[in-house]
Amino acid sequence: MQTTFPRLMLEHAAKRPTAPALREKVYGIWQTTTWAQLAVLVRDLACGLAQAGVRRADHVVVVGENRPRLYASMLAVQSLGAVPVPLYQDAAAAEYLFPARNAEVRMAIVEDQEQVDKMLEVRAGHPPLARIWYDNPRGLRNYAEPGLESLDALVEAGRAHGAAHPGFFDGQVQAARPDDVAAMFFTSGTTGNPKGVVHTHRTLLDRAGAGARFDKLTEREEVLAYLPPAWIGQNIFSYAQWLACGYVVNCPESASTVMIDLKEIGPTYYFAPPRVFEGLLTSVTIRMEDAGRIKRWLFGRAMEVARRVGPQIMDGKAVGLADRIAYGLGNLLVYGPLRNTLGLSRVRVAYTAGEAIGPDLFTFYRSIGVNLKQLYGSTETAVFVCLQPDHEVRADTVGVPIEGVEIRLADSGEILVRSAGLLKEYYKNPEATAEVKDAEGWYHTGDAGFIDAGGHLKIIDRAKDVGRLLGGPNDGAMFAPKYVENKLKFFPFIKEAVAFGDRREKVCAFVNIDFEAVGNWAERRNLPYAGYVDLAGKPEVLELVRECVEKVNADLAADAKLAGSQVSRFLVLHKELDADDGELTRTRKVRRGYIGDKYQALLDAMYGGRTEQYIETAVRFEDGRTGKVSATLKIVDAKVLPALRQAA
Amino acid sequence: MSADTAVGPTAAAAADPAAVPGARRRRQGEVVLEVSNISLRFGGVKALTDISFDVREHEVRAIIGPNGAGKSSMLNCINGVYTPQEGRITFRGRTFDHMNSREVAEMGVARTFQNLALFKGMSVLDNIMSGRNLKMRTNILQQAFRNPWWSGAEREESEHREVVERIIDFLEIQAYRKTPVGRLPYGLQKRVDLGRALAMEPQVLLLDEPMAGMNVEEKQDMSRFILDVNDEYGTTIVLIEHDMGVVMDISDRVVVLDYGRKIGDGTPDEVRANPDVISAYLGTSH
C-alpha cells in the first residue's frame, strides 16, 4: 500500500466528511468526532507542533488512555514526518526515562495531571524534554512549569499558524513517504533495557490491510479501544486498521466503565487478552450462582446443549435437527440475552492472543455464538502473522499464516517469520536487530512450535525454555515447561505451576493451589482448614490436584511430540508464589530458574524419590516486614501414560 | 513518645500525594460566616458554651475535638437543624439568631452527613440529581406531563443532568452512575453524599466527618476530592474530623472544641502546639 496514515485520514475526510471517526463518552453521553472534524483538529495540532519546533524524524512521546485528542496528536505528529512514541500510561516515571533518552525526546503529549507529574519527573533526569502538552486540565491550574501547556493552547496556536501559512499542512503530508518511520513501540525486555521497535507506514499498513482482508472488515465496524495505546495490538486494532478501513473507534469513559461501555457500543470487531474473557465468564458464573432456581436450571440445560453442539454450529458443521432446535431455543432464551449482557451480541470477529487460553474458556464463548478466534503475532511483526479462519478454529492452535506471511521452522524448532510487516529495526540497537532479523529477512520469533497436519501453527513455548529429557525411558524427548504449566493452570483449582525436566530423566512440578477456588471446594465438602498452608497440605487437596495432573498427563499422552513431558511427580507448595519474593515477574510469569534454586531442597527430594520434605521459606509481607513460613510437604506420584501414537 | 508527635500528623501524613508540585495557593478572602457566642443546651446538658469563630471565603476550616465535644451540634446550629439558645450567626453580612434549614440551603450552604442520609434504593445519578431540587423551576405537573411545548421540564432536566454529570466526572464515579447506592461500598457512598451536596453548587460546604470509617486509601482519595473542590470551584469548606493527621494536612485553620467549649483556634501548627489541645487529646486527670 503506497500511502501513509495522515493521507488515509484526509482521504476519509474527503470521501465521507460527516461519517463518525471517533466517539468518546463524556459526561455520560457518547460524543462523536467526524472525519472532517478530525482532519481540522489534526491540521491545527500539526501546525501548532510545527511552530513549537517539531521537525521531521523527531520523536514525540504520547502517553494516556485511549482519548480522541491523543489519537489526533499521533496523526498530527505523523503529518509532520515525525514519530509518535506511545508509552504505557500506567508505568512509573522512572520507566519513561530510558525511552526518553534513547529516542532523544524533546516533547510529550499527555493525558492528564498524573502523566504531567511523571513527565516533570522525567524532565529532572532528561532536561531536553522542553515541551509538555496535556489534554485534561483538571488539577493543573496552579502548575507554573516552563513549557507546560494545554492541548487547547496548542490547537489555538496551530490555528493561527495554519492561517498564516496556508498550504503548509498539506505540503507536509504530501512530503511523507510510506517508508518513513511511522511509530516506535518500546517492548519491555525480560532482561536489560527496553528496545524501541521501529515501524514504517508501510509495515504497519501492510499488516493492517492483510488482517482486514482476512476478516473482510469494512468501514461499518465498531471497535472499543480500551487497552493501552502503547501496546501494538491496540495500536493495530484501533489506529492502523481504523485508518486503513475507516471504521469507528469508541473510547470508553474511564478504565472502570469499560464493561458498561462495551455493552452500550456493542462492538462488531473485538480484541481482548484471555484474562478479560476469563473475568467476563467469572462474573457470569457468580451471577448465575446467585440466581433463582428456575433460572439456574434453565441456564444449566442450555449450556449443556451449547457445549455439545455450539462449537460445531459455529464452525458450520452439520448437526442433528433436534439439537439444532434445542440450540435455537437456547439462543432465544439464554445465549442471546447472555451475549447482550456481555456486550458481545454484535461481535462478528473477536480475537484473543498474548497468552494461552484455556480450552474450556475458549469453547464457552464459541458455544454461545461468539466468533472468538486466536491469532499469533508480536510487536516486531506488526501483529498479524497467523490468524484462525472462520470455521477452522481450535483452542490449541493459533491459525494459519495469512496473506503475505512466510513461516519456516528452524532446526531448533524456533518459528521464523518473513513478511512485509516486519520491524525496520530496533532503534539505535543494530546488534539486537541483527540477532532477530537475519540476512534473508527472516525474523526469529523466539517461540518454539510446529505446523500441524491441518496447516495450523501450534505454539509450545519460548524457544529458549524448551529443553530435552536426559536418560530414563523418554531420553531425548522434547520438554516444553510452559506448555505443561499452562495445561495445569487451566484448572480453576491451580493458580500457578512450575515444571522442571530439562536435562533430567522425568518431569516434576510444583503446584500452587488457588486459595479461593480450593477454599470454596473445601467448604462445600465441610473440610475444615486453618489457612493457606494447612489447606495446601490436606490429603484431600493433594488428591484433587493429582486428578488434575493426571488429566493433563492423559492430554499430553495423546500428543506424540509431547508425551515425554508428562508430570510424574508433583508437590503442592506451602506458599503462594509472589512477585515480591522474586518468584514471579511483575507481569506474573514464573521465574523457573530462580524458583528452582530457591527450592533446591524440594527439587532434590522429588528427584531423589523421597515422599516428603521439610522446607522453611522467608516471605516478605506487603508492608515490607519479613517472616518465615515452614511446612513438611508431601511429594505425590502421578500416573504417567504411554504415548498413544508412537513418534514416527 | 512525646506529646508533640502524638498530636502531629501520623497515619495519613501523606494524605495528598497529588498536590506536591505547584503547592496550593492560599487565596482566602473576606469573612463569609461568623459564629458569635453560641450556646446550645438540651435540658440541663450544655452541648455548646459561648462558641465564637469565623470562616473566610475559599478556606478549608476544620472543627475538631474528642467524642462528644459538640462538633456535630455546632454544624447543626449553622445548618439550622438546632436552634441555639444564645448567640448569633452572621452569613454574608446578614445576622440571624437562628437559621432555617431551607433558607440556609437557598443561601448556598450545603452539607454532608456523618451517618449518610442517601436514598439507598435510588441510583447514584438520581441521588445526586436530588441535590438539584432547589434549583428546579418547573412544577410537578409540568414534570409529570413533560410536554416540550409548554412545560420545558425536559430541557430543564437535561440542564441539571449536565451539572450532575460534571460532578460524576469530577468525583470519578462514572462506573456507578446507574448502581443503587445501597449496593456501593461505604467509601463510595460517602463520595456520592459529597456529590449530592456539590449538586447544590454551594458557596459553603459543611462536611460532617467525611472520612469516618474509611481506610487509608479511601481517606487519601477523599482528601484529594475535598482539596479539588476547594481548588476548582473555590468552595469554602467547613469540616468536622476525627483524624488529626488528615485535618492538619488539608485545613487552613482549625477550631478545637472540648466539652462544648472552644479550647483552640488557629493554623494547624499553632493548634498542634497548644497545650490545652494536647491535654484534651492525650487526656489529663479530671
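**Three domains, two sheet regions and a one-sided helix**

Chain A splits into three domains: domain 1 (5–200 + 220–252), domain 2 (274–462) and domain 3 (466–637). The model is a predicted one. Between the C-alpha centres of domain 1 of chain A and domain 3 of chain A there are 45 Å.

We can start with an open sheet of four strands in chain A, ordered β2-β1-β11-β10, with mixed pairing. Its edges are β2 (29–34) and β10 (222–224) of chain A, each of which has a pairing partner on one side only. From one strand to the next, the twist averages 25 degrees. Within this sheet, strand β1 (residues 20–26) of chain A runs antiparallel to β2(A), and six bridges tie the pair together. One end of that register is easy to pick out: P20(A) has T34(A) in β2(A) as its bridge partner. Helix α2 (residues 35–52) of chain A packs on the sheet, where it touches β1 and β2 of chain A. The direction of α2 makes about 70 degrees with that of β2(A).

Next comes strand β5 (residues 107–110) of chain A, which is covered on both faces. In a regular strand, side chains alternate between the two faces of the sheet. Here M107(A) and I109(A) lie on one side, A108(A) and V110(A) lie on the other, and all are buried. Strand β5(A) also has parallel partners. With strand β3 (residues 59–63) of chain A it pairs over four bridges in the parallel sense, and V60(A) sits opposite M107(A). Another four bridges join β5(A) to strand β6 (residues 131–134) of chain A, again running parallel; in this case A108(A) faces I132(A). The link through helix α5 (residues 113–125) of chain A turns β5(A) and β6(A) into a right-handed β-α-β unit.

Finally, which residues of helix α21 (residues 600–607) of chain A are buried? They are L602(A), L603(A), A605(A) and M606(A). These residues sit on the same side of α21(A) because they cover an arc of only 165 degrees around the axis. That spacing fits the helical repeat: an α-helix has 3.6 residues a turn, so residues three or four places apart point the same way. Over on the other side of α21(A), Q600(A) and D604(A) are exposed. The cover over the buried residues of α21(A) includes the strands β24 (494–500), β25 (507–513), β26 (567–572), β27 (612–620) and β28 (626–637), along with helix α20 (592–598), of chain A. After α21(A) comes G609(A), with a positive phi near 80 degrees.

Note on methods: Residues are numbered from 1 along each chain as its sequence is written. Chains are lettered from A and ligands numbered from 1 in the order in which they are written. Two strands pair if DSSP finds at least two bridges between them. Helices (H or I, at least four residues) and strands (E, at least two) are DSSP runs, numbered from the N terminus. Axes are lines fitted to C-alpha atoms, for helices over the stretch in contact, and angles run from 0 to 180 degrees between N-to-C directions. Two residues are in contact if their C-beta atoms, placed from the backbone, lie within 7 Å. Domain bounds come from an automatic or database domain assignment. A residue is buried if 20 or more other C-beta atoms lie within 10 Å of its own, exposed if 12 or fewer, and partly exposed in between; C-beta atoms are placed from the backbone. The arc is that of the directions from the helix axis to the C-beta atoms. A crossover is right-handed if, with the strands pointing away from the viewer, the path from the first strand over the helix to the second runs clockwise.
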